[in-house]
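The following exercises concern the packing of helices in a predicted model. Work through each task with the sequence and the structure at hand.

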Amino acid sequence: MPLSPIWAFAAFLLWQLLARLPLGLAPRAFWPEALAIGFVLSAYVVYKLDQRFFPSDTESPAVPKRPLWMIYALIAGVGFAIIGSELGNVGEALSNEPIPLAGPKPESTNPISNALLASFVYPVCFIFVLVGVSQRALLNSVKPWTSICMIALIGTIGGPFSRIAQLAFVSGLPAWLYVRSGSVLLAIIAYLPTTSLPIMEYFGVQPGILGFDVIETTGRIAQPIWFNLLGAALMAAGVGPLLYAFEPDDREET
């Protein structure tokens with residue numbers, strides 16, 4: 001049995017484990033900063049282990065072949081974030097768990113630290129390891145679409161059961177983009193809209209959409225239909241041009 005699939009899961013778990021070690025050395029008031037350092041350093045350690053024991057003969061481009069792809073990926077990412085949020089709402093409703101209320105925010109001497117950790121540092125490191133390490137290793141031994149499905153599964157590790165469908169859904173877009181473009185940067189850009197709410201809240205520009213960033217304490221959580229239709233339209237507007245752009249590459253391979 002190839003070791004690559006085992007390493008794909010192990011690398012992601014190792015990253016999550018090592019990232020939390022600095023918490024034991026930092027005062028509670030500096031936990032967001034400690035976590036940020038932990039996520040970055042653990043991603044670097046996992047990357048170096050990957051390069052040492054699972055080297056690849058092919059070089060992945062840091063920047064996608066066409067810069068315009070980044071705009072399309074961002075548009076598609078917003079659509080996936082909206083539809084993924086509704087999938088999370090459905091999961092919460094089916095789980096019969098109490099609707100989660102906003103809990104106390106982590107203490108920090110600098111509130112921007114919380115926002116940057118949640119909206120930038122964590123998602124960048126998350127996709128870097130999930131796609132740049134785990135999926136790259138998978139592609140050495142499994143077919144592309146198999147790797148996308150496996151990455152969607154790995155991306156749910158550590159998340160709440162009621163949010164599994166949402167986590168798998170939003171992880172699928174970066175995995176697909178990496179398969180088609182080979183660019184980790186493109187995958188990161190597509191994922192950032194999913195985690196953008198904390199930084200938007202910090203700057204006071206959150207959209208105020210029921211079921212997306214506004215949660216009622218009673219009743220079923222659901223987004224407005226027009227908002228879900230907007231998400232579907234953004235998905236099509238982003239993924240459609242990318243499908244067309246990737247076609248020449250398909251013809252060159254055949």
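**Exercise 1.** Determine which residues of H4 meet which residues of H7, and classify the contact.

*Solution.* Step 1: on the H4 side, the residues in contact are Pro-123, Val-124, Phe-126, Ile-127, Phe-128, Val-131 and Gly-132. On the H7 side, they are Val-184, Ala-187, Ile-188 and Tyr-191.
Step 2: sorted by class, the contact of H4 with H7 comprises ten nonpolar residues, one polar residue and no charged residues.

**Exercise 2.** Describe the geometry with which H4 and H7 pack.

*Solution.* Step 1: two packed helices are described by the angle between their axes and the distance between the axes.
Step 2: H4 (residues 111-138) and H7 (residues 184-191) pack at an angle of about 135°, and their axes are 9 Å apart.
Step 3: H4 is therefore oblique to H7.
Step 4: the handedness of the crossing of H4 and H7 is right-handed.

**Exercise 3.** Establish how far H7 is covered, and by what.

*Solution.* Step 1: seven of the eight residues of H7 are buried, so that the helix is mostly covered, where buried means under 20% relative accessible area.
Step 2: the buried residues are Val-184, Leu-186, Ala-187, Ile-188, Ile-189, Ala-190 and Tyr-191.
Step 3: their cover includes H3 (68-95), H4 and H6 (164-181).

**Exercise 4.** Identify the residue that caps the N-terminal end of H7.

*Solution.* The cap is Ser-183, with a side-chain oxygen 3.4 Å from the backbone nitrogen of Leu-185.

Definitions and conventions:
Residues numbered from 1 in each chain as written. Predicted model: local features only at pLDDT ≥ 70, side-chain atom pairs only at ≥ 80, totals over all residues. Heavy atoms only, no water. Axes fitted to C-alpha atoms, helices over the stretch in contact; angles between N-to-C directions. Helix = DSSP H or I, 4+ residues; strand = E, 2+ residues; numbered from the N terminus. Parallel < 35°, antiparallel > 145°, perpendicular 65-115°, else oblique. Left-handed = near helix turned anticlockwise from the far one by under 90°. Contact = heavy atoms within 4.5 Å. Nonpolar A, V, L, I, M, F, W, Y, C, P; charged D, E, K, R; others polar. Buried < 20%, exposed > 50% of the residue type's maximum accessible area, 1.4 Å probe, protein only. Polar contact = N/O pair within 3.5 Å; in protein donor to acceptor, adjacent residues only side chain to side chain.
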